[in-house]
Amino acid sequence: MKKLPSSVMVFGRKIEIKYISKKELDGFIQNAEGIYDTYTREILINKEAPRNIQLYYIYHEIQHAMHNFTGIDQMLPPEFIEILCL
């Protein structure tokens, strides 16, 4: 992969991927390298992280989007959802 994606398709829905500073990301969740925002349906990734970490968190957050779209994130404890996203 030459360039990191700016969006992905998940179950036919376009999910924007935004690369933001660690400081901005910490405004959402402390010490996170990436998050899936369920309100805006965007993936936010630390632009200062190494490329391999960014890729890992893109895939990780795509899984969160999948769980959100299917509603499974409402049925299982958050700790179990994190295990499923590893």
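A salt bridge is taken here as a side-chain nitrogen of Lys or Arg lying within 4 Å of a carboxyl oxygen of Asp or Glu. In the structure described, which is a predicted model, 4 such salt bridges are present. One of them joins the side chains of Glu16 and Lys14, with a nitrogen-to-oxygen distance of 3.7 Å, and the contact qualifies because this distance falls within the 4 Å limit. The two partners are not equally accessible by class: Glu16 is partly exposed, with a relative accessible area of 33%, whereas Lys14 counts as exposed at 54%.

A further salt bridge is formed by the side chains of Lys18 and Glu42, where the separation from N to O is 2.8 Å. This pair links distant parts of the chain, since Lys18 belongs to strand β2 and Glu42 to strand β4 (residues 42-46), with their positions 24 residues apart in the numbering. Lys18 has a relative accessible area of 38% and is therefore classed as partly exposed, while Glu42, at 16%, is buried, because the class of buried residues covers values under 20%. The strands that carry these two residues are themselves paired: β2 and β4 run in the parallel sense and are joined over 5 bridges. Within β4, Ile45 is the residue that stands opposite Tyr19.

In helix α1, a salt bridge connects Asp26 with Lys22, the closest N and O atoms being 3.5 Å apart. Both residues lie in this helix, 4 residues apart, a spacing of about one turn, and both are buried. The contact also forms part of a wider arrangement, as Lys22, Asp26 and Glu33 are linked in a network of salt bridges.

Strand β2 also has β1 as a partner, and these two strands pair in the antiparallel sense over 4 bridges. Among the residues concerned, Met9 has Lys14 of β2 as its bridge partner; Lys14 is also the residue that meets Glu16 in a salt bridge. In a regular strand, side chains alternate between the two faces of the sheet. Strand β1 shows such an alternation, with Val8 and Val10 pointing to one face, where they are buried, and Ser7 and Met9 pointing to the other, where they are not buried.

The hairpin formed by β1 and β2 has 2 residues between the strands, and in this hairpin Phe11 takes a positive phi near 50°. Phe11 thus provides a case of positive phi in a residue other than glycine, and its place is the loop between β1 (7-10) and β2 (13-20). The side of accessibility is equally clear for Phe11, which is exposed because its relative accessible area of 54% is over 50%. A positive phi, of about 65°, is likewise found at Asn31, which is not a glycine. Asn31 lies in the loop between α1 (22-26) and β3 (34-37), and at 68% relative accessibility this residue counts as exposed.

Aromatic side chains take part in two kinds of contact. A search of the whole structure finds 1 aromatic pair. The pair consists of Tyr56 and Tyr57, whose rings are arranged edge-to-face, with 4.9 Å from centre to centre and 85° between the planes. Tyr56 is partly exposed, with a relative accessible area of 36%, and Tyr57, at 23%, also counts as partly exposed. In the other kind of contact, the charged end of Arg13 sits over the ring of Phe69, at a distance of 4.4 Å from the ring centre.

Tyr56 additionally contributes to a nonpolar surface patch of about 720 Å², which is made by this residue together with Ile72, Met75, Phe80, Ile83, Leu84 and Leu86. Residues with over 30% relative accessible area can enter such a patch, so Tyr56, at 36%, meets this requirement. The largest share of the patch, 3 residues, comes from helix α3 (residues 78-84). One residue found in that helix is Ile83, which is exposed, with a relative accessible area of 54%.

Terms used
Residues numbered from 1 in each chain as written. Predicted model: local features only at pLDDT ≥ 70, side-chain atom pairs only at ≥ 80, totals over all residues. Heavy atoms only, no water. Patch = residues over 30% accessible without salt bridge, like charges linked within 9 Å, V, L, I, M, F, W, Y side chains within 5 Å. Areas by Shrake-Rupley, 256 points an atom, 1.4 Å probe, with all protein chains shown as cover. Buried < 20%, exposed > 50% of the residue type's maximum accessible area, 1.4 Å probe, protein only. Phe/Tyr/Trp six-rings, centres within 6.5 Å; stacked < 30°, edge-to-face > 60°. Lys NZ or Arg CZ within 6 Å of the ring centre and 35° of its normal. Pairing = 2+ DSSP bridges.
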